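Please read the points below with the structure open beside you. They are meant to be followed one at a time, looking at each place before moving on.

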Amino acid sequence: MALAAKKDIKKVVLAYSGGLDTSAIIPWLKENYDGCEVVAFCADVGQGEEELIGIKEKAIASGASECYVVDLKEEYVKDYIYPIIKTGAVYEGQYLLGTSMARPVIAKAHIEIALKVGADAVCHGCTGKGNDQVRFEACFAALAPQLTVIAPWREWDMVSREDLLDYLAERNIPCAASLTKIYSRDANAWHISHEGGELEDPWCEPSKEVWTMTVDPMDAPDEAAKVMLSFEAGELVAVDGKPMSAYQSLMYLNEKAAAHGVGRIDIVENRLVGMKSRGCYETPGGTVLMAAYKGLESLILDKESLKYRESVGHEFSHVIYDGRWFTPLAKAQLASAASFAEKVTGDVVVKLFKGMAQVTQRRSPNSLYSEEFATFGADDVYDQKHAEGFIRLFSLSSRITALKQADSVLTKKK
């Protein structure tokens, strides 16, 4: 951004976490953007109450004029997580998109605060190497393209935690961060991610210190536990027979599944910006919820519908990972998944044991499963002789191809 443009920035809304990076960003903005006013914005997406204690005071102490803490927990689960579950989206076969799916709801609230206070710009603390810079800025572009976006990690010359700590110390700005931080973590109601430390070497097995949310599966109870999830039109409405809100249901599942070591993955993924990164993720309740939904879906959707829904899930995993929530494509894919979800009603039992979440029971008024047709015993509804004609027609193209090849061989011999 040109110097003249910097002078035009009078008020900035910063996505503030209370950590080292954003604590340094507040004074840096005021110094480098001609004394602009900095308003802090903190999104509560279920990262934990301890993360929010004293956050307003921290922001003010760092130089912010005010700090908005917005409770997005129910909205996040109800309006973002549930629709994504209906798509069946799993990135690169393993990642349940915990960081990715929180970004649109945060970005939307960020823009709402910026417009409310009459800001000229929005600011984030994402690095120039990560996916989040793209996710946030793509959302900003879709929601308020008139606002300037400031990304300090792409502008300043600080490159390490030491640099940031020195910067704050020189200005007598208090910060609880230290040089002893090993891992980079991001938490919300759905999951917690871990990067850095020994995880930067893909040959190095994660130590026990990496995991913070789930019990080590080796130390989990020797007896399995069961949990029943009840759905109506694709929406989770009760757990173990108890009606709960979207957020309450997830918290209940998190606690129950975490105690059995469910939801750990260790992956090397392809970042949007082109590099590979290694991360460990803990998604206990989400793992159970996704397994239950797919277990119920398998009872209800016919073969071609399920095949198409799976293709939507694959494509949508990239859409949400890449930060394209507020796009026509995402809207169309979500609508497609929602149409299939209309019949996903029923109950599912998931068994939790030593890190596993296994569907063991399922029932639905919309089930297409028929014991009369599927039985290996005697039945009066299925004539097995009919299969011969079906197979002959199903394999007709292969038969014709083989006959053509045989004719060609005979012609050449002549």
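**Notes on the predicted model**

1. The charged end of Lys73 sits over the ring of Tyr247, at 5.6 Å from the centre of that ring. Please keep in mind, for this point and for those that follow, that the model is predicted.

2. A charge over a ring also appears at Arg171, whose charged end sits over the ring of Tyr167, 3.6 Å from its centre.

3. The aromatic pairs in the model come to a count of twelve. In one of them, the ring centres of Trp153 and Trp156 are 5.2 Å apart and the planes meet at 75°, and because an angle over 60 degrees counts as edge-to-face, the pair is given that name. Trp153 and Trp156 also belong to one aromatic cluster together with Trp28 and Tyr33. Trp156 has a relative accessible area of 8%, and since anything under 20% is called buried, Trp156 is buried.

4. Arg154 is found in the loop that lies between β5 (148-150) and α8 (161-170). Its relative accessible area is 45%, so Arg154 is described as partly exposed, a term used for values between 20% and 50%. When its neighbours within four places in sequence are left aside, Arg154 is in contact with His124, Gly128, Gln133 and Glu137. With Gln133 there is also a polar contact of 3.0 Å, which joins the two side chains. From Ala406, by contrast, Arg154 is 252 residues away in sequence and 66 Å away in space, C-alpha to C-alpha.

5. Helix α6, covering residues 98-117, has 20 residues and reaches 30 Å from its first C-alpha to its last, which is close to the 28 Å expected at 1.5 Å a residue. Is this helix largely enclosed or largely open? Of its 20 residues 16 are buried, and α6 is therefore largely enclosed by the rest of the structure. Just after α6 comes Gly118, which takes a positive phi of about 70°.

6. Last, please look at the open sheet of five strands, which has the order β10-β9-β8-β13-β14 and antiparallel pairing. Its edge strands are β10 (242-243) and β14 (356-363), each of which pairs on one side only. Strands of a sheet pair through backbone hydrogen bonds, and the pairing can be parallel or antiparallel. Here β13 (residues 346-353) runs antiparallel to β14 and is joined to it by seven bridges. To follow this pairing residue by residue, one may start from Val350, whose bridge partner in β14 is Val359.

Terms used
Residues are numbered from 1 along each chain as its sequence is written. This is a predicted model: local features need pLDDT of at least 70, side-chain atom pairs count only at pLDDT 80 or more; totals for chains, interfaces and linings use all residues. Side-chain values use heavy atoms; hydrogens and water are left out. Helices (H or I, at least four residues) and strands (E, at least two) are DSSP runs, numbered from the N terminus. Buried means under 20% relative accessible area, exposed over 50%, partly exposed in between (1.4 Å probe, protein chains only). Contact means heavy atoms within 4.5 Å. A polar contact is a pair of N or O atoms within 3.5 Å; within protein, one must be able to donate a hydrogen and the other to accept it, and residues adjacent in sequence count only if both atoms are side-chain atoms. Rings of Phe, Tyr and Trp (its six-membered ring) pair if their centres lie within 6.5 Å; planes under 30 degrees apart count as stacked, over 60 as edge-to-face and the rest as tilted. A charge sits over a ring if NZ of Lys or CZ of Arg is within 6 Å of the ring centre and within 35 degrees of the ring normal. Two strands pair if DSSP finds at least two bridges between them. The expected span of a helix is 1.5 Å times one less than its number of residues.
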